[in-house]
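Visitor: I am new to this structure and would like to know how its labels are justified. Please show it to me.

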Amino acid sequence: MCSKCTDFQKKIWIFGCSTFFFLTALILGLLWPLISSNMLVKKLSLTPDSTNYKNWIRTPIPMYLELYLFNWTNADQVENYTIVKPNFQQLGPYTFKEVHERTKLIWNDNNTITFNQRRIWNFVPELSNGTLDDEVTNLNIITLIATDYLKNAPAWEKFIINGFLKMSSSFLWEHKKVRQLLFDGLNDRLLNLLRTIQNSSINIPFDKFGYFYNRNLSETYDGIFTMNTGVDDLNKLGELTLWNGKKNTGMYPGKCGNVYGTTGELWPATHENKTNITVFATDVCRSVTLQYDSPLELFEITGKKYIGDDRVFDNGVKYPEQSCYCTSDKCPSLAPGVFNVSQCKFGSPMFVSFPHFYLADESYLNKLTGLKPNKSEHEFYIALEPKTGIPLDIRAQLQINLKLEPIEGYKFYEKVPNMMVPMIWFRQRAQLTSELADQAKIALILPSVGTYIAVLFGLIAIVISIVSIIIFLKRYHQTNVYEELQE
């Protein structure tokens, strides 16, 4: 291109190219961190046209809900508990494909968004061990809830309830189909009776009982969330500020009632130096903090695995700061490992633990047989990519237990053991797909791309400069030799 150029013009060309590559390298080196940061904000923050928004509005990651129910194999011997311990057999999993959709979005001026959440479940027979028509024997839930509501009722009310239970052939335990216990719900005459006489001590908002009754496709069950979009600061992305319009649930005293953490799907972008993370779990109406455990690799992406340890369901026995999770008049009211969620479940005597009483006090297991807790099967964990906050692997799992104890004035409950009866446990699992992993890798290398290009351009500028110097020195030497020969 410059074969007819003079030496001076060639020098200008070479100097210009070298200067161009050098300046480009300098500018990229100085400005790329800011440029890449802005690109990440646009990609990860929640805006109507961001990549994260498209992944959040309807979850693209395959999610599954696995449900395990406990079958009480010797329930007819409950009154002989001092001789024969209650034995429980795990049934399941009954697996459902789960999808989350966000509805009723309101974009607020303070870089937050308010929304409802719709959860959709569809049964997956090929991933299940059993059918929804399987029968399960366990506590008569409605009878237990009713007598617990009325345990301090006057004697004449207890007399009427006892008579009603005898007439309706109710028992302490019952056989029910899985579909009734999960989504279809149980219809019961005692429940209908209680709904007709509702008062300050009895406030039953459902016409049937089922662990997931009226939840499938519901936009209101999980409540109303307000969270940070991360537009002003990616380190706030996904953090809840309000639940049902309030900063405090009102269910637990002090800081234990505060609303904080994420919903579990969007996370702040930086976790490199964090020793714990917090998720707000609507099923227990509280925040759950997980502790860093170990690295976890998936599709060549290294993440940080956070686990639920023994402090999650402690109420002040081992960890004094957890004492505000005790709602009893006398605290601590429970041995560690089981948490009272009665206030979150309309006053029902429900208690939550990890599956099979994993990490719970041995006293819970000593009163029964059939449960075998182990870390690999029953650990609650979430793994996140530390630089972007992208979830890699989630296995959230909890167990619902009912408290069985003698209740004066009710024939069914006069000679029963005082124990936690395991009813059902669920596992919600989700894992990053290879396609989404490729998107995550792009976000991860983005901050380094400009640096690599800057180094490359800098090396090109150096090479051009060195080569041009060598050429000119060689020509200069040749010119001097020619002039000396001429003389």
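Guide: This is a predicted model. Take E101 to begin with: its relative accessibility is 15%, so E101 counts as buried, the cut-off being under 20%.

Visitor: Why is R58 called partly exposed?

Guide: R58 has a relative accessible area of 42%. Buried means under 20% and exposed means over 50%, so R58 falls in between and is partly exposed.

Visitor: What makes R58 and E101 a salt bridge?

Guide: The side chains of R58 and E101 meet at 2.0 Å, N to O. The rule asks for a side-chain nitrogen of Lys or Arg within 4 Å of a carboxyl oxygen of Asp or Glu, so the pair qualifies. R58 sits in the loop between α2 (51–57) and β1 (63–72), and E101 in strand β2 (residues 88–107), so the bridge ties together parts 43 residues apart in sequence.

Visitor: How do you know that K375 and E379 form a salt bridge?

Guide: Their closest N and O atoms are 2.5 Å apart, and the limit is within 4 Å, so the label applies.

Visitor: Which of the words buried, partly exposed and exposed fits K375, and which fits E379?

Guide: K375, at 42% relative accessibility, counts as partly exposed. E379 has a relative accessible area of 2%; that is under 20%, so E379 is buried.

Visitor: Which residues are joined into one network by salt bridges that share partners?

Guide: R58, E101, K104, R118 and E219 are joined in this way.

Visitor: How many salt bridges does the rule give?

Guide: The count comes to 22 salt bridges.

Key
Residues numbered from 1 in each chain as written. Predicted model: local features only at pLDDT ≥ 70, side-chain atom pairs only at ≥ 80, totals over all residues. Heavy atoms only, no water. Helix = DSSP H or I, 4+ residues; strand = E, 2+ residues; numbered from the N terminus. Buried < 20%, exposed > 50% of the residue type's maximum accessible area, 1.4 Å probe, protein only.
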